[in-house]
Amino acid sequence: MRKADRIMTGENALRNPRRTAATASALTIGLTLITALTVVGVSGERSIDQRATATLAADYVVRMATYEPLSGTVEQRLREVDGVGAVSPLREASVRVADEETYVTGIDAATVRSMVRPDFTDGSLACFGGRGVIVSTGTAEWRGWRTGTTVPVTYPDGKRDRLTVAGVFEADDLLSGLVMDTRTLDPHLETPRASQVLVKAEDGPGYAVGRGIAAALGDSPAVLVQSKQDLSDSIARGTTMMLNILYGLLAMAVVVAVLGGINTLAMSVVERAPEIGMLRAIGLDRRGARLMVRLESLTISLFGGVLGIGLGTFFGWAGCRLLASDTPGLELVLPWGRLAVFLALAGLVGMLAALWPARRAARLDLLGAIKAE
């Protein structure tokens, strides 16, 4: 493209700044919202994925698809599967601590080291088991507990006991609150059931082991057998579904932007009819006239796209900063690939909006346009 064409394209876009800004604003607003939500969504997905899998040492997690508790017979069935090295339930129960109802999580102390890797801020799993318990940092701060603190508890059957805090860890999606050994908790429960069952394979995850676990549970679609990768994929699917809905809303903004661009360019062509006619008369061919209008449209759309993506990225960063205090591990993640797609989409909008106005400019009656001048 010649230098004169570039200058003319820029001057045409700036000829009516208010109308140009109004045309670009529809695309800018749409891309700002979608970019901000995409940045927050992708960053949140990464944080949730890390929380869900970073402390998980087990190879499989078994749970009900409806989040109902699993039968107590599930654990025994899984222990009999070929290739399964260790099994540990995750129990949920309610005990009284200092006359307040407190939910506790039970896990098998004999196999806990092969199932989870808690991030301890104080203490460790060395003394976990029996009357040794571990607590999350939030619970420890709220109760004023630390390693070595004695905790009086009353079990659901009314019996009392005194437990000792063996460590304080960062809560995650698997473990939080007060965690104790299932051998200590189970005798006080009427019907021990598990919210989830953790499974460690002897030789790591594989098709044969996963298939054996599913077969032992009757291949029931109501029971989910998930590996670490399955957990990550399920989190990603949830975020992708949410973003796809938002992208549907973006499509509406794109339609509005295309219609606005067509209107702006059509009015611009009408206003510049004498000018275009004069240019045609001194040597500008139809292809050059079409190119001039298309470049003007592309300039406007890219201006709106770059501004929208820039603002959206800033608002996404601000949103992550606000959520960071309530979401441990949340860090800003910029999805460069998607941002590039958004910018390409803005350029495509400009090209689509220019189709009819560019054709009209190329077919302009030379003599009529010059005569009008």
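**Notebook: contacts, salt bridges and surface of a predicted chain**

I began with R63, and leaving aside residues up to four places away in sequence, I found that R63 touches L70, S195, Q196, A222, V223, L224 and Q226. The model I am reading is a predicted one, and I kept that in mind throughout. R63 belongs to strand β1, which covers residues 60-64. I then asked whether R63 is buried or exposed. Its relative accessible area is 14%, and because buried means under 20%, R63 counts as buried.

Next I looked at the chain as a whole. I noted 13 helices and ten strands, and I noted that 46% of the 373 residues count as buried. Among contacts with a separation of 6 or more, 81% are between residues 24 or more positions apart. The accessible surface comes to about 19200 Å², and carbon and sulfur atoms hold 58% of that area.

I then turned to charged pairs. Side chains of opposite charge can pair when their charged atoms come close. How many salt bridges does a search of the whole structure find? The search returns eight, and I followed up some of them in detail.

The pair I opened first was R91 with E75, whose side chains meet in a salt bridge at 2.8 Å, N to O. This pair links distant parts of the chain, since R91 sits in strand β2 (residues 84-97) and E75 in helix α3 (residues 73-79), 16 residues apart. I checked the burial of both partners: R91 has a relative accessible area of 5% and is buried, and E75, at 7% relative accessibility, counts as buried too.

R91 also forms a salt bridge with D186, and the closest N and O atoms of that pair are 2.7 Å apart. Here the link is again between distant parts of the chain, from R91 in strand β2 to D186 in the loop between α6 (182-185) and β9 (196-201), with their positions 95 residues apart.

I went on to E100 and R143, whose side chains meet in a salt bridge at 3.6 Å, N to O. E100 lies in strand β3 (residues 100-107) and R143 in helix α5 (residues 137-143), so this pair ties together parts that are 43 residues apart in sequence. The burial of the two partners I recorded separately: E100 counts as partly exposed at 38% relative accessibility, whereas R143 counts as buried at 18%. Which residues are joined into one network by salt bridges that share partners? I found E75, R91 and D186 joined in this way.

On the surface I looked for nonpolar side chains and noted a patch formed by F303, L307, L311, F314, F315, W317 and L332, which together have about 660 Å² of accessible area. I picked out F315 from this patch and placed it in helix α10 (residues 286-324). At 43% relative accessibility, F315 counts as partly exposed.

Last, I checked the confidence of the prediction. The mean pLDDT of the chain is 80, and 81% of the residues reach 70 or more. Where does pLDDT stay under 50? It does so over residues 3-10, for which the model has eight contacts beyond four places in sequence. Where pLDDT is low, the predicted coordinates should not be read in detail. I therefore take no detail from those contacts.

Note on methods. Residues numbered from 1 in each chain as written. Heavy atoms only, no water. Salt bridge = Lys/Arg side-chain N within 4 Å of Asp/Glu carboxyl O. Helix = DSSP H or I, 4+ residues; strand = E, 2+ residues; numbered from the N terminus. Buried < 20%, exposed > 50% of the residue type's maximum accessible area, 1.4 Å probe, protein only. Contact = heavy atoms within 4.5 Å. Areas by Shrake-Rupley, 256 points an atom, 1.4 Å probe, with all protein chains shown as cover. Patch = residues over 30% accessible without salt bridge, like charges linked within 9 Å, V, L, I, M, F, W, Y side chains within 5 Å. pLDDT = per-residue confidence, 0-100.
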